[in-house]
Amino acid sequence: MLTIAIAQINSVVGDIPGNADKIRAAAATARQAGADLLLTPELALCGYPPEDLLLREDFYRSCNAALAALARDFDNLDGIAVLVGHPEEHAGRYYNAATLIAGGQLAGTYRKIDLPNYEVFDEKRYFDAGEQPFVFELRGVRCGVNICADIWEAGPAEAAREAGAELLLVLNASPYHLEKQQYRALIARERVAATGIPLVYANLVGGQDELVFDGGSFALDKHGAIVCRLPQFNAATQCVAYRDGDLRRDEHRPLAPVLGREEELHAALVLGVRDYIGKNGFPGVLLGLSGGIDSALTLAIAVHALGREKVHAVMMPSPYTSQISLDDSRYLARQFGIRYDEIPIEPAMRSYEALLGPALGALPLPDNDTTLENIQARIRGNLLMALSNRSGALVLTTGNKSETAVGYCTLYGDMAGGFAVIKDVYKTLVYRLAHWLNHHGEVIPDRIIDRAPSAELKPNQTDQDSLPPYATLDAIIEAYMEHGKSEHEIVAAGHAAADVHRAIGLLKNAEYKRRPAPVGIRVTPRGFGKDWRYPITNRYREE
């Protein structure tokens, strides 16, 4: 029998000593549980993705030194072998690698064959492709190794089987998006079906800038049935046994539950905030609270991620702020028990009008002038940044994906901040997530959810004065951005031509706004950031 421990660890990019300590701790836990082999995630030693750190020779030297130190330490762990993911420089080439440590020695290395260069991945920028399978024997079982994208297409897994592997071990740093876990299991089953051998899948967990890694590691027997599943969004170490030619289910250890769509999304956002703030050493967060659903949801996520003592909300009413918005903001502050301040901005508005009057000439009425609307947003951004400077707390922005797509936001105003929590959450999904939270007790008052969304920058304003209904807008943006559909195809699918033309035009015209926007958590298959790289200067038009 061979017992494999899956180490679902939360690595920090660049913290090589800290990551090595996490691998040591997981190995000690695994050995205590009777494991013969510890399987770590992809690039567990340096964190994923290291990006241009991989262009530094000293980075590879640091990783090599840490790997050698792990080998010395594991010589004292009474026989456990460890498969460590790390970057490797070898003979002047650079690899995404996994090295087997056994008996205090570096016993062999696998080099990733299929290098992804799509969505958020840039591995061909940094790595050379491996060419050979790697199979090692432990306790009489021949184990093959793959790394993440190697199993997404036919080739490397089959090569391992042809080299004699009876069991496939897969190291992964597979970032989260909605429904990704089901897709991973589907792909893994395809490889099991193609090779006829069982598979152990170890995935990274944790937040890294805009990416969230959700863990959810698992093992499949040779028939494709799940025999082990670790929790999503939490570090964990768990064992699975290979005996009599297959992986076996431990009937005394239940599979981690499969999360529903909203629960999974909430957990991803919470982990993204917690790790971005914690790993970067910010003492807490600030956000502008408007009484609307976006800032209410952002507040809830921040409190769930960090605790109420690290969250400070500021309501900055203008003459156009409704009483209901004030009341709801105060209610939310009491509900969450956070620090809350109100800073009316009308005095600053009047000062700006006086200052700008000579330069702008006769100022039109606020309800006819975007200039004065944007000044309000920028006053608020300025106030939040001043509070951030004094306290060190990071400003969270509250804009959603629908607004980000069409530029319904103000540069240096509501876009001012350091982290955009719901940047990749469509407005329709914001509503669904708010309803889900309320199923567990009222978190966001129903009247915040039910009333028409408004920026409240002029009298009687609603979002739909400027935008199509969000259900329509979100469907158009998703079709165009995530699925690559043309304007003609989207119209043919049943959307009004005027809505489609307008939404896509707004999306293209807002490209310049998105570049200086803060980094935000990616939760869809294509978010604005790493996997959306359109030119700002761009005259392409569909024929």
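How does Y534 count by relative accessibility: buried, partly exposed or exposed? The last view below picks that up. This is a predicted model, where local features need pLDDT of at least 70 and side-chain atom pairs count only at pLDDT 80 or more, while totals for chains, interfaces and linings use all residues. Residues are numbered from 1 along each chain as its sequence is written, and side-chain values use heavy atoms, with hydrogens and water left out.

**View 1. The whole protein, with its 17 helices and 20 strands.** Helices (H or I, at least four residues) and strands (E, at least two) are DSSP runs, numbered from the N terminus. The radius of gyration is 26 Å, close to the 24 Å from the globule rule for 543 residues, so the protein is as compact as a globular protein of that length. That radius is taken over C-alpha atoms, and the rule is 2.2 Å times the number of residues to the power 0.38. Along the principal axes, the C-alpha atoms fill a box of roughly 85 × 55 × 45 Å. Of the 543 residues, 56% count as buried (under 20% relative accessible area; exposed is over 50%, partly exposed in between; 1.4 Å probe, protein chains only).

**View 2. An open sheet of six strands, in the order β6-β7-β8-β9-β12-β13.** Pairing is mixed; two strands pair if DSSP finds at least two bridges between them. β6 (135-138) and β13 (226-229) sit at the edges with a single partner strand each, so one side of each has no neighbour in the sheet. From one strand to the next, the twist averages 20°. Helix α5 (residues 180-195) lies across β9 (199-203), β12 and β13, at about 30° to β12. Axes here are lines fitted to C-alpha atoms, for helices over the stretch in contact, and angles run from 0 to 180 degrees between N-to-C directions.

**View 3. The two edges of that sheet, β6 and β13.** At one edge, β6 pairs with β7 (residues 141-147) in the antiparallel sense over four bridges, and F136 has C143 as its bridge partner. The β6-β7 hairpin has two residues between the strands, and R139 takes a positive phi near 50° there. At the other edge, three bridges join β12 (residues 218-220) to β13, also antiparallel, with R229 as the bridge partner of F218.

**View 4. V285 and its surroundings in strand β16 (residues 285-288).** V285 counts as buried, at 1% relative accessibility. Beyond neighbours within four places in sequence, V285 is in contact (heavy atoms within 4.5 Å) with residues including I277, A302, L306, V311 and L394. H86 is another story: 199 residues from V285 in sequence and 33 Å away in space, C-alpha to C-alpha.

**View 5. Aromatic pairs, of which the structure holds ten.** Rings of Phe, Tyr and Trp (its six-membered ring) pair if their centres lie within 6.5 Å; planes under 30 degrees apart count as stacked, over 60 as edge-to-face and the rest as tilted. Y118 and F121 have ring centres 5.7 Å apart and planes at 75°, so they are edge-to-face. Y118 is partly exposed at 41% relative accessibility, whereas F121 is buried at 10%. The rings of W532 and Y534 are stacked, because their centres lie 4.1 Å apart with planes at 20°. W532 is buried, with a relative accessible area of 6%. As for the opening question, Y534 counts as partly exposed, at 32%. F528 joins W532 and Y534 in one aromatic cluster.
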